[in-house]
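Please open the model in your viewer and keep the sequence panel beside it. The tour below goes from one selection to the next and says what is found at each stop.

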Amino acid sequence: MFAGRKFAAFLFDMDGTVLNSIAAAERVWTKWAERHGLDVTAFLPTIHGRRARETIAALKLPGVDPMVEADLLLKAEADDLEGIVPIPGAVAFLESLPPERWAIVTSAPRELALLRIKAAGIPVPAMMVTAEDVTHGKPAPDCFLLAASRLGVEARDCLVFEDAPAGIAAGEASGASVMVISATHVHPLVTPHPAIRSYDEIGIATDVSGWIALAPERAVA
């Protein structure tokens, strides 16, 4: 798994990658979909990994303003944090990283991201890229390119951790390497990238310049 590779920084998606908010998100989006007469079963799989405004805009619903609806959804999601938990091993793994060498790169708005991070009990990163920071959301690579730039590194030297097809495509387009987190996948995701279900499966080693290599598993203290 990336044997012999070292990375300048790790870039993590949030929902489904370092925390599991699927139940909360799907409760809110189910109510929204029902109000708009959508087939909930078919619609719910499309909400993950993309900004709400883009998910709604893609539906081309008559008389629906994606920005207005996205704001309403943000308020509803901010009020529903029940059941949000960290992905197994994520807390310890993130705490093991040099603070200046990782970021969260999420399609969620900053307000919601911070609420979910707190609810899950995962470390707050020194730097985040959120929905407001880019013009084009995932699967465009803009968010990962911006995160790398803010960390002072090249995207091609980063490892992106993702769980959703839109985010994986964004990571690929940025030139970064990609690790797939499958902890929340009900069905296997067909991907050419390495995949793990738990961060307990990997550890890290850093060199004198701060570059990070993956180890087979985290050392137990």
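**Two cysteines**

Begin by selecting Cys143, which counts as buried because its relative accessibility is 4%, where buried means under 20% relative accessible area, exposed over 50% and partly exposed in between, with a 1.4 Å probe and protein chains only. This is a predicted model, in which local features need pLDDT of at least 70 and side-chain atom pairs count only at pLDDT 80 or more, while totals for chains, interfaces and linings use all residues. Residues are numbered from 1 along each chain as its sequence is written, and side-chain values use heavy atoms, with hydrogens and water left out.

How many disulfides does a search of the whole structure find? The search finds zero, a disulfide being a pair of cysteine sulfur atoms within 2.5 Å. Cys143 is in no disulfide, and the nearest cysteine sulfur, that of Cys158, is 12 Å away. Now select Cys158, whose sulfur is too far for a bond because the closest cysteine sulfur, in Cys143, is 12 Å from it. Cys158 is also buried, with a relative accessible area of 0%.

**The open sheet**

Next, display the strands as a cartoon; helices (H or I, at least four residues) and strands (E, at least two) are DSSP runs, numbered from the N terminus. Six strands form an open sheet in the order 5-4-1-6-7-8, with parallel pairing, and two strands pair if DSSP finds at least two bridges between them. Strand 5 (128–129) and strand 8 stand at the edges with a single partner strand each, so one side of each is left without a neighbour in the sheet.

At the strand 5 edge, two bridges join strand 4 to strand 5, and these strands run parallel. To find one of the pairings, select Val105 together with its bridge partner in strand 5, Val129.

**Strand 7 and its neighbours**

Now select strand 7 (residues 177–181), where five of the five residues are buried, so the strand is largely enclosed by the rest of the structure. In a regular strand the side chains alternate between the two faces of the sheet. In strand 7, Ser177, Met179 and Ile181 point one way, whereas Val178 and Val180 point the other way, and all are buried.

Strand 6 (residues 158–162) pairs with strand 7 in the parallel sense over four bridges, and Leu159 stands opposite Ser177 in strand 7. Between them, the chain leaves strand 6, passes through helix 8 (residues 165–174) and enters strand 7, a β-α-β crossover that is right-handed: with the strands pointing away from the viewer, the path from the first strand over the helix to the second runs clockwise. Strand 7 is also joined to strand 8 (residues 195–196) by two bridges, and the two run parallel; here the bridge partner of Val180 is Ala195.

**Aromatic rings**

Show the aromatic side chains next. A search of the whole structure finds 15 aromatic pairs, and rings of Phe, Tyr and Trp (its six-membered ring) pair if their centres lie within 6.5 Å, with planes under 30 degrees apart counted as stacked, over 60 as edge-to-face and the rest as tilted. The rings of Phe12 and Phe93 form an edge-to-face pair, because their centres are 6.3 Å apart and their planes are at 75°. Phe12 lies in strand 1 (residues 9–12) and Phe93 in helix 5 (residues 90–95), so the pair ties together parts that are 81 residues apart in sequence. Phe12 is buried, with a relative accessible area of 0%, and Phe93 is buried at 1%.

Add Tyr199 to the selection: the rings of Phe12 and Tyr199 have their centres 6.3 Å apart and their planes at 50°, so this pair is tilted. Tyr199 lies in the loop between strand 8 and strand 9 (203–206), so its pairing with Phe12 in strand 1 ties together parts that are 187 residues apart in sequence. To see the wider group, select Phe2, Phe7, Phe10, Phe12, Phe93, Trp102, Phe161 and Tyr199, which form one aromatic cluster.

**Thr106**

Finish at Thr106, in the loop between strand 4 (102–105) and helix 6 (110–120). Thr106 counts as buried, at 3% relative accessibility. Not counting residues up to four places away in sequence, Thr106 touches residues including Asp13, Asp15, Thr130 and Lys138, where contact means heavy atoms within 4.5 Å.
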